[in-house]
Structure formats: C-alpha cells, structure tokens
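Here is a set of short questions and answers on one protein chain. Keep the sequence and the 3D view open as you read.

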Amino acid sequence: MPILLLPPLLEWYLDLKESAFFTQYYDEILVANILYIVLARFLLLDSAIFIFSRSKYHVHIALIQVVLLYLEITLVTIVYYAIVFNIFDPFSLFHLGATFTPENMKDIHEHSFITSMYISTVTFTTLGSGDWIPQTLMAMVAVISEVILGVVQGGVFVAIIIYAHQNKETKK
C-alpha cells in the first residue's frame, strides 16, 4: 500500500529541484494526482471486498484483515493528499478562515506538512471544521475527491461489517 505514495514523493523531490516545471504545469499535475489516487483507491476498495468475500479463513480473521487493510488505506490516502497539498502549498490552495495570534500563525506557516496533514484529515473524515477553505478551483476539486473517497470508504466499511455479522448468524 505505501507504494501508492511513490508518485507524490517523487513529485515532492522534483518540486524542490525543478520548481519551474511545477509552476508551468501546476493545474495539470494537481489533476493527475487527484485522478491517480481516486483510481488507485477504488481498485484497493474492490480488492478489499474481493479478499473479504473470498476468504477461506474464519469470518473473524477475515474481518480483522479487512479492518487492518481499511486502516492502511485510510492512512495512505490521508498522507497522499497531505503530500499533494504540501507540494502545491497549502497556503495558496486554502484560505485560513480562523484567527490566530501572530506566534501561532508563524508556527502554522513553518510546519506546512503538519498543516497539510490536518487539512487532509479533516477533509477525509468529512469533519469540515471550516477553518481551511479552498481558494482555487483545483483545491475545490481535490477536496471533493477526498471527501468522496472518505464517504465511500466509510460506507463500504460499514457494509462489510454488516455482511460479516449476517454471515456469522447464518452459519450458526
């Protein structure tokens, strides 16, 4: 699963070395990142459902495997979007709608990856605290895609748990 993080990590490195290229193809690179993670995530979800439905193990063991897989998918997705937000500068993608002291603002600007992780986590979980507001069309597209992934993953996860519970009752 962590292999999914290779493209944005490579971009992060290249952004440091070839920032002119990223400036020129800013929107295209951001769209490519969004398409990549959406397609990869849906393939992973399909794989998880397939693994769960075809498991020869006891239902409890298969369920634990799926829960761990979903946890890993969640973490990889949040980190993926955080890396993308950080590459494209969270302060240019998002507007901070909250008021902070100058010292806190300095900390937030100095720790842009932590800020990106926060934005990604709040977006993925659909918490939507409203303190970070997308300010570009591409940021809006990124937020839409991350929210859809979070909602779909949560729904499928609940469906798998219900399916496991129903299978447990029918096998008695």
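The expected span of a helix is 1.5 Å times one less than its number of residues. Keep in mind that this is a predicted model.

Q: How many helices and how many strands are there in the chain?
A: Read along the sequence, the pattern is α-α-α-α-α-β-α-α-β-α. Counting the symbols gives 8 helices and 2 strands.

Q: What span is expected for helix α1, which has 12 residues?
A: Helix α1 covers residues 6–17. From its first C-alpha to its last, α1 reaches 17 Å. That is close to the expected value, 16 Å.

Q: Within what arc do the buried residues of α1 fall, seen down its axis?
A: The buried residues of α1 are Pro-8, Glu-11 and Asp-15. They line one face of the helix, because their arc is narrow enough for that: 55 degrees.

Q: Which residues are exposed on the other side of α1?
A: Exposed means over 50% relative accessible area. On the side of α1 away from the buried face, two residues are exposed: Leu-16 and Lys-17.

Q: Which kind of aromatic pair do Trp-12 and Phe-113 form?
A: This is one of 7 aromatic pairs in the structure. The centres of the Trp-12 and Phe-113 rings are 5.5 Å apart, with 25 degrees between the planes. Planes under 30 degrees apart count as stacked. The pair of Trp-12 and Phe-113 is therefore stacked.

Q: How many residues apart are Trp-12 and Phe-113?
A: Trp-12 is in helix α1. Phe-113 is in helix α7, residues 112–124. The pair links distant parts of the chain, and the separation is 101 residues.

Q: Is Trp-12 buried, partly exposed or exposed?
A: Under 20% relative accessible area is buried, and over 50% is exposed. Trp-12 has 25%. Its partner Phe-113 has 29% and is in the middle class too. Trp-12 is therefore partly exposed.

Q: Which kind of aromatic pair do Tyr-26 and Phe-88 form?
A: Their ring centres are 4.9 Å apart, and the planes are 80 degrees apart. An angle over 60 degrees sets the class. Tyr-26 and Phe-88 are therefore edge-to-face.

Q: How many residues apart in sequence are the parts that Tyr-26 and Phe-88 tie together?
A: Tyr-26 lies in helix α3, residues 26–54. Phe-88 lies in the loop between α4 (59–87) and α5 (90–93). The pair ties together parts whose separation in sequence is 62 residues.

Q: What is the relative accessible area of Phe-88?
A: Tyr-26 counts as partly exposed, at 25%. Phe-88 is buried, so its value must be under 20%. For Phe-88 the value is 3%.

Q: Which residues do ring pairs link into a cluster?
A: Rings pair if their centres lie within 6.5 Å. Such ring pairs link these residues into a cluster: Tyr-36, Tyr-80, Tyr-81, Phe-85 and Phe-94.

Q: Which element gives the most to the lining of the largest pocket?
A: The largest pocket has a volume of about 160 Å³. It is lined by 14 residues, and Val-122, Thr-123, Gly-128, Trp-132 and Val-143 lie nearest its centre. The elements that give two or more residues are α7, β2 (132–134) and α8 (137–170). With 4 residues, the most comes from α7.

Q: How many charged residues are in the lining of the largest pocket?
A: The lining has 8 nonpolar residues. Another 5 are polar. The charged class has 1.

Q: What phi does Thr-126 take?
A: Thr-126 lies in the loop between α7 and β2. It is partly exposed, at 42% relative accessibility. Its phi is positive although Thr-126 is not a glycine, at about 55 degrees.

Q: Which residue in the loop between α4 and α5 has a phi near 65 degrees?
A: The phi is a positive value in a residue other than glycine. The residue is partly exposed, with a relative accessible area of 33%. It is Asp-89.

Q: What distance separates the C-alpha atoms of Gln-153 and Tyr-70?
A: Gln-153 is found in helix α8. It is buried, at 4% relative accessible area. Gln-153 and Tyr-70 are 83 residues apart along the chain, and their C-alpha atoms are separated by 8.0 Å.

How values were computed. Residues numbered from 1 in each chain as written. Predicted model: local features only at pLDDT ≥ 70, side-chain atom pairs only at ≥ 80, totals over all residues. Heavy atoms only, no water. Buried < 20%, exposed > 50% of the residue type's maximum accessible area, 1.4 Å probe, protein only. Arc of directions from axis to C-beta. Phe/Tyr/Trp six-rings, centres within 6.5 Å; stacked < 30°, edge-to-face > 60°. 1 Å grid on protein atoms, 1.4 Å probe; cavity = no way out; pocket = protein on both sides within 12 Å on 5 of 7 lines; lining within 4 Å. Points joined across faces, edges and corners; volume = space filled by probe spheres on them. Nonpolar A, V, L, I, M, F, W, Y, C, P; charged D, E, K, R; others polar.
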